[in-house]
Structures are given as structure tokens and as C-alpha cells.
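User: I've got this model open and want to know where its labels come from. Can you walk me through the reasoning?
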Amino acid sequence: MHSVPDRQWLWLAAALYLTGFILGTIRLFGERKKSTGLTYGIVVVGFALQTIGLNIRGMAVHGCPIGNLFEIFQFSAWSATALYLVIGATFRLSLLGYFTACLAAVLTVVSLSVPSWDAVRAVNVFHGNHWIEFHAALALFSYGVFGLLALTSIMYLMQVHSLKSQHLQGFFSFLPSVLDLDHISLRLLTAGVVLMTASLIVGSIYWVQDTEMVNLTKLFMTAGLWVAYLAVFGLRMKSFLVAKRLAWACIALFALAVISLWPVNSSRKPLPEKSATHAFQHS
């Protein structure tokens, strides 16, 4: 199995995500039927193949495969899909699988189609510092959560539009209720904020020991995004930011999170072996 390049596994996964999205579109807009088990099954197989590809990549780079922009996009797609496989089954959100397949297809296909994103494969990028590796993995997993939150926000806006326009047939009839979407969005927002908070706490264990190695660009971008999501969460809990305004805020913040990946990745500098080893030994 390991003789097969990881990118081939990831291409197969991307093809399945895209197939799930296309078949879901055909069934929803053509046959007017929900793509329940079919889309879910395709996403499951795609997720399994992507897991194999990322596992092979992880063993090759001796760590979590998040060392360049290609790996970051792949890991974010994997995180969002993993969360959907749990939430989708729990809440029976079949249509969320359709949107998740779309998100995963876009992230995986785009990242695979831009060779420059994977031109340099960073090996042992964290230099054995498990705190920083765990911090980065948590941060990117929270991005996956926020990606799923953006999808549920889109579904919420579509449901509100269908109710106002009295267009309740076809595609719109498969959308969950506004109340269900609001509850799920709040849970996703809470989970994302908790994960990103945990990521910053874990990262601070290293940062306070070696402040000279703190990447200020990455720190400010991540902290700024965390503050923004934390503010949205606080406003939601106080009922100051609800309904459509909350949905638009979550969509806008996720778009900002995706855009922030470029400056964060370009500002990344290799950690000196001495400093990384020192930080790990004292953590």
C-alpha cells in the first residue's frame, strides 16, 4: 500500500467527493429526491481514501501533514468531512452531506491542481515539538468545524428565503427546519471556539518558553480570528447576533479564515532544532 504515492490516494478521494456532489445535484434538481445513503456512502469512502493518503504523507514527513498550503487545505477538508460523518448521522442531515461533499471537493481538487502549493514538502517541520504540532492540528481542525458552520449558515439562509418566498417544494423541501439549523450552528460555533481556544493555550506552552521564535504574523492572524469568533459566540449567547446576521457573520469569518491561510503559510519559518528540542524537553 505504501508504494502508492499519497497524492494518488488523495486524487481518488477528491474524485469521490466530486462524484458525491455531482450525483447529489442530479438527484436534488433532476429527480427531486434526497441523496441520502448514496451521498453519505460516497463521502465515507472518499474520507477513508483521504485518510490513507494523509497517513502516508504523515509518515513520509514524520509528523502531522500540515507543513505546506497543499497539506493545510487537505487537512481542513478531512476535518470538515470527519465532523460531518458524526453530525450528519446523529442529526440525520442528509443535505449537509451534499454541501460537505461540495466543500471537500473544492478544497481537495483545488489543492491538488496547484503544484506550487506542494512544491516543497517540509519534513519534520515541527522538529519533534509535539506541543506545536498538537497546537497546529487543533487550529486546523477548528477550521474544519468553522467550515461546516459556514455550510449550515448557508442552509439557514436558504431555508429563511424559502419560507419568506413560500417556495417550499423541490430542493428547499429537503432543508432542515430553521430551529434545527440554529441549534446545530450554535453547537458548531461552540465547538470551534473551544478547539481554537485549546489550540492557543497549547501553543502558549511553547511560546512562553521561547518568545524569540514566535511568528508574529501567524500569531496575530490566528489570535485575531479567534477574537472575532469569540465575539460572535458572545453576541450569540447574549442574543445580540442571531438569525440571518449570525449566518452571514459565520460565512464571512470562514472566508476570512481561508484567506488567512496564505499569509500564515508564507510567514512560516523552520524552527531551529536546538530551540524546538529545548522547548519540548521543558514542556
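User: Why is C102 called partly exposed?
Analyst: This is a predicted model, to start with. C102 has a relative accessibility of 25%. Buried needs under 20% and exposed needs over 50%, with partly exposed in between, so at 25% C102 gets the partly exposed label.

User: And what makes C250 buried or exposed?
Analyst: C250 comes in at 2% relative accessibility. The cut-off for buried is under 20%, so C250 counts as buried.

User: How many disulfides are there?
Analyst: Zero. A pair of cysteine sulfur atoms has to be within 2.5 Å to count, and by that rule the count comes to zero.

User: What makes up the nonpolar surface patch?
Analyst: L18, I22, L23, I26 and L38 make it, and it covers about 390 Å². Helix α1, residues 6-31, gives the largest share, four residues.

User: Why is I22 called partly exposed?
Analyst: I22, which lies in helix α1, has a relative accessible area of 43%. Partly exposed sits between the 20% and 50% cut-offs, so 43% puts I22 in that class.

User: What about the chain as a whole: which helices and strands does it have?
Analyst: Nine helices and zero strands; along the sequence the pattern reads α-α-α-α-α-α-α-α-α. Of the 283 residues, 50% are buried. The accessible surface is about 13,100 Å², with 70% of that belonging to carbon and sulfur atoms.

Key: Residues are numbered from 1 along each chain as its sequence is written. This is a predicted model: local features need pLDDT of at least 70, side-chain atom pairs count only at pLDDT 80 or more; totals for chains, interfaces and linings use all residues. Side-chain values use heavy atoms; hydrogens and water are left out. Buried means under 20% relative accessible area, exposed over 50%, partly exposed in between (1.4 Å probe, protein chains only). Patches are made of residues with over 30% relative accessible area and no salt bridge: like charges are joined within 9 Å, nonpolar side chains (Val, Leu, Ile, Met, Phe, Trp, Tyr) within 5 Å. Accessible areas come from the Shrake-Rupley method with a 1.4 Å probe; for residues, only the protein chains shown count as cover. A salt bridge is a side-chain nitrogen of Lys or Arg within 4 Å of a carboxyl oxygen of Asp or Glu. Helices (H or I, at least four residues) and strands (E, at least two) are DSSP runs, numbered from the N terminus.
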